[in-house]
4 protein chains.
Amino acid sequence: MALETARLLISCPDVKGIIAAVAGFIAEYDGNILEADQHSDPASEEFFMRVEVQLESFRLNRKTFGQAWAHVADKYRMRWRVYWGNEIKRMAILASKESHCLSDILWRWRTGELRVEVPFVAGNHAEMAEQVEPYGVPFHHLPITKETKQQQEAALLNLLAEHEIDFVVLARYMQILSPELVARYPERIINIHHSFLPAFAGPRPYHHAFDRGVKIIGATSHYVTDCLDEGPIIAQSTMPVDHRDTVEDLIRKGRDLERVVLANAVRHHIEDEILVSQNKTVVFD
Amino acid sequence: MALETARLLISCPDVKGIIAAVAGFIAEYDGNILEADQHSDPASEEFFMRVEVQLESFRLNRKTFGQAWAHVADKYRMRWRVYWGNEIKRMAILASKESHCLSDILWRWRTGELRVEVPFVAGNHAEMAEQVEPYGVPFHHLPITKETKQQQEAALLNLLAEHEIDFVVLARYMQILSPELVARYPERIINIHHSFLPAFAGPRPYHHAFDRGVKIIGATSHYVTDCLDEGPIIAQSTMPVDHRDTVEDLIRKGRDLERVVLANAVRHHIEDEILVSQNKTVVFD
Amino acid sequence: MALETARLLISCPDVKGIIAAVAGFIAEYDGNILEADQHSDPASEEFFMRVEVQLESFRLNRKTFGQAWAHVADKYRMRWRVYWGNEIKRMAILASKESHCLSDILWRWRTGELRVEVPFVAGNHAEMAEQVEPYGVPFHHLPITKETKQQQEAALLNLLAEHEIDFVVLARYMQILSPELVARYPERIINIHHSFLPAFAGPRPYHHAFDRGVKIIGATSHYVTDCLDEGPIIAQSTMPVDHRDTVEDLIRKGRDLERVVLANAVRHHIEDEILVSQNKTVVFD
Amino acid sequence: MALETARLLISCPDVKGIIAAVAGFIAEYDGNILEADQHSDPASEEFFMRVEVQLESFRLNRKTFGQAWAHVADKYRMRWRVYWGNEIKRMAILASKESHCLSDILWRWRTGELRVEVPFVAGNHAEMAEQVEPYGVPFHHLPITKETKQQQEAALLNLLAEHEIDFVVLARYMQILSPELVARYPERIINIHHSFLPAFAGPRPYHHAFDRGVKIIGATSHYVTDCLDEGPIIAQSTMPVDHRDTVEDLIRKGRDLERVVLANAVRHHIEDEILVSQNKTVVFD
C-alpha cells in the first residue's frame, strides 16, 4: 500500500546549496524523504526539484507548512507547490466520437490504477453516454454548433466549477477550447494528439501520415495552451508501420499508442511529477 | 551461402491474374521462385511485385530475358526492372564532418554485411580521409565554397561516371546536391536525416527537437529529390529522450539511430527491395 | 468496407512451381488474388503460403472448392485449409481474477475491431461477471477446486461444444487445461503469458523478473500445448524497466503489454494468418 | 565542455535524514551539487545515492575528503566510493573472432564519446589484430587451448596489473574467465551476452532463439560473476524478428543490438552511475 506523502515541487534560479536547504528543512521537521529528484537546466540556469515526504512523522501539515517553508522559498526565489497525498484530485473527461481513450481512462480509474475522482464526463456526441454508463459516472451531453459553441462552453465552465474539478483530460475531444477556458486551467488540461508532434499537427494526422508515406506513427500527450497542438509535451511514443498499412490500419494501431501515452501523461499529472518551464516539461518519473 | 538469383521488380495497374501470369512465366522457363512479395494499393489501384528467382535452373539470362518477358510486361502495362544477382552494385559514399555513418557503412561493407563495391568516398572536409584510409578506399577531397560549388559538383559527376557508380549514399553529407545531379540518379541517392521527418526538416534538427521539448528523437532515411528532406521515406526509427538530455546527449544518442536506419535503407536498396510510387516506398523486406 | 474473401492456407514440401500452380488455379476460376504471402523455410525445406481471393467473381464456393482443388493439393502433397470470409468465427474467453485482458478483448470486439462472435465468457472467479455484464455476453462461473476440477472441465467442454466454439482465448486464465481439452482444440487455444518466454515460464513471472533484476519486461502470446508455456509463439513484445520499478510497477506496466500482445495474436488467428510447423509459427501479417 | 566533478556513490541502510546529511556536508565545504540521484529499495530497506559535485569551489580533494567524510559515512553505516573526475579510467578490451563490439567500442573511444584510456586489447584469435591496428592500440594475442589456458590467464593478469587496468570489457570474448580473475575485478568486468537473459544463457543463443521460434531477439550487458551469464544486469534491449529471419539474420540484426547495449553499459560504468546490491544494479542515468 502506498504511504501518505506530501509532494513538494520547486523551480528556481540554479545556485549552490538548494538541495541541502530543502533536505535540511525537511529533516528539521522530522520528515522522511521517500523520493527526491532534481534537475538543473544548463541552458536556462533553472533548477527543478520534486521531493516526496512521508507524512507519518512530518511535523508540518497543510496549515503550518507555508509559514515554516517561507524563509527557504524566499531565500532561493522559488516557485513552489505542495500536494498533500491524502487529497484526491478531481478529474473531468471530455470526449467526442472516439471511445478508446475515454474507455481506457475510465477502466484504469475503476481498477484503481489511477488514484483520482471522476465527477463527470462531458462530450459533444450523445452516443458516448453508453460508453460511460457502465462506470456509474454522469455524462453531460454538450452538442456544439457554431451557434451554440459559446453557450456550451459556459455550461462546461459551470460544470467544472460546480464539481471543483482540478484538471481536465481531453480524451480525443475534437473541439478547440476557448482561450478563456484554457486560461482558467493552466497546465491542467491534458490533450492526446494522434501524431508524433510537431509533425502532423491539426486535423486528420493519420491521413497526412499515410499520404507522406512515413514508416512510423505516433501519439503525443501535452498540456493545452492557446496554440493548437503546441503546448508542453508530457509523453510521446511511436510504433513502426509499413506500406501494407492502410489509413484504417494506422488509425487502429494508433489507438493502442494513444491510450497508453495519454494514460502515462495523466498518471504523471496525478502523481505531481510534472514541472513546466518555457513550454517544456520536466517529468520526474 | 546465398544463392545466385534474379530479382524482378514490377509495378502496374492492379488487375486480375498478374501473379498467375508472372509465376506461370517463371515456371515455364524452369525458374524456382525463392521469394515472392506483392502489394496492392487500394488508393492508387497500383500493383507492386518483387520476385526472386533462383538462377541455377532458370533458362533465361540477362540477354534473353527481355524479349521473352515482353509479352507479359506489355499485356499488363508493367514498369519493371530485373537485377541479376551476380552483378555487384557500385556504391559511392559522400560525407562531411561527422564520421559515424560513414565509418559504420564502411565497416559493414568490409565485414561482408553489405554486398557491394565501394570505388570511392568523397567529402568536403579533408580530415575525413583518415577515417577512410584504414579501409583501403580512395578518398576524394572536394572542398566547397560558394565559388567552387559548381565546379566541385562537376568533378563529382565525373567521378560518379568514371567509376560507373550505381547509387550514392549521403552519410551525413551536409551539402545540397544540384537538381542536375539528383536528376541523373533518380531513386539512387540515399540520404539520412537526423529527425523523424516530416518534423524538423532542414538544418540542426536536434537543436530544434531540444527547443520543442519532444520526448522522442528520430532518424529518417529517404531517397533524395529536388525538395529538401521530402523524398520518399525508406526507413525510420525513434528512441525516447527526456528532460535530462542536453542537445549534446540528443546528438550522441541520435548517432546510434542514424547508423542503423541508414544501414537498413542501404541494405534494402542493395537487395532491390524498394519500389517507389507517388513519393512513397514499398519496401519488401 | 472489407471485401468478402476466401483465405487459403497451405504448407507442403518446398519444390518448384507451387506459386504458379496455386495462382494459375485461382486465375482459372476467375478469382482475383488480393494478397499472397509465401515463405520457404530452408531448414525444414517446407513451403508455406497464404492466399486471399476475392469471392465476387470466384467461380468456386465452399461446396465446389474441395473437389476442384484436390489435384493441385495432391500433386504437391499439401496440408491446407480454406476459410470463407463470410463465416464469422466463434470465440470463447476464459478468465480468472485479472480483468485487463478480458476487458480489452471485449472492448475490441464491441467496437468492431475484432470481427468475431463471443457466445460466452467463463471463469473460475464469480466477481468477473460484472466486468462482462455491460457487454451483454453470458458469463459462466466455473469455480475450481481440486475436487471439482475434472467436473468443471467437463462442463467447459460441453459449453464449447454446445456453442460451436471455433477457438478459445485464455485472457489471463490461471488454470492449467487438461491434455484432453487441449487435444480437442489444437492450435485453437491462445494464451497470454506475462513474460518474454522462454524466460520466466510458470507462475509469478513479474516477481521472478524483479528478483533477477532484468531491465526489460515482456509478454508472449502462444498456442497452448501440453507443455506449459512452451507452445508455438504467435506474438511477443517487451518494454524497458529500471531499478525504480517495484513488482507492482512491473505488474501495472506489463498489463499494457499483455493487452496489446494478446489482441495482436487473436487478430492474426481471426484473420487466418497463422501457420504452425514444428512448434513454430509463420505469421503472415 | 563537461565540468570537473567528484562523484560520490553511497549505499547504506535506509533511515531518515541521509539526503540532508549528505547535501549538508557538501554545502558545508562549498560544493555545488550538479546531480543527485537516490533510490530506496523497499524490499531490502537499502538506500542508494549518487551525487556529482562540481570541483571548482569544493574545499575537499582526494587527500582530504576521506577524513572529513568519515563521520557522516560512519553515522549512516555507508559503503561508499568517490571518483575524482579528472582521473581517467583505464579500460582493457578482450575479444575473440567477432569484431562488431570491439570495433564499436574503439570507435566510440577514438571519437571521444567514451572518456577513457585503452592501454591494450587482447584476444585469442590473431586475426583481430588488424581490427585494432588502425586505432593505434597494442593488441596482445593470447591463443587458448586446454593446455595453455592457465598460462594465458596468468599472462592476462600480468597485463592487467602492469597497465593498471581499472575495468575490463568482454567484447564478445568467448572464453570463460577463471574465478581467480573474476575475483580480482569484482563489478569491474563487463560482458555482453547475445540474448535477453535469463533466456538463452550459454553458447549459441541465436540458434536456440531460432529453434524456439521467438518473435524478439535481445542483448544483455552484465557484470561478470562466477555464475555464467548470471551476473547483475546493467542494460538490456530487444528487437522484433519474424519467421522470415534465418539464424544468419538473427545474428546480423543482433549485432546492432549488442553494440548499443554494451556501449551503454560501458558508459554507465565510466560515468560511475552503477551501484550493485544482491546481484542487481541501480543505474543512475
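The following paragraphs describe a sheet in chain C and the relation between chains B and D in a predicted model.

In chain C, seven strands form an open sheet with mixed pairing, and their order across the sheet is 7-6-5-8-9-10-11. The two edges of this sheet are occupied by strand 7 (139-141) and strand 11 (233-240) of chain C, each of which pairs on one side only. Averaged over the sheet, and with direction ignored, neighbouring strands are turned by 15 degrees against each other.

Within this order, strand 5 (residues 91-95) of chain C is followed by strand 8, and the pairing between strand 5 and strand 8 (residues 167-170) of chain C is parallel, extending over four bridges. In this pair, Ile93(C) is found opposite Val169(C), a residue of strand 8 of chain C. Strand 5 of chain C also takes part in a helix packing, since helix 3 (residues 100-110) of chain C lies across strand 5, strand 6 (121-123) and strand 9 (189-193) of chain C, and helix 3 runs at about 155 degrees to strand 5 of chain C.

Turning to the relation between chains, any two copies of a chain are related by a rotation about an axis together with a shift along it. For chains B and D, a rotation of 180 degrees with 0.0 Å of shift along its axis superposes chain B on chain D, with an RMSD of 0.0 Å, and the two copies are therefore related as by a two-fold rotation axis. The C-alpha of chain B nearest this axis belongs to Pro134(B) and is 3.1 Å from it. Both copies use the same surface, as 100% of the contact residues of chain B recur in chain D.

Methods:
Residues numbered from 1 in each chain as written. Chains lettered and ligands numbered in written order. Predicted model: local features only at pLDDT ≥ 70, side-chain atom pairs only at ≥ 80, totals over all residues. Heavy atoms only, no water. Pairing = 2+ DSSP bridges. Axes fitted to C-alpha atoms, helices over the stretch in contact; angles between N-to-C directions. Contact = heavy atoms within 4.5 Å. Least-squares fit on C-alpha atoms with pLDDT ≥ 70 in both.
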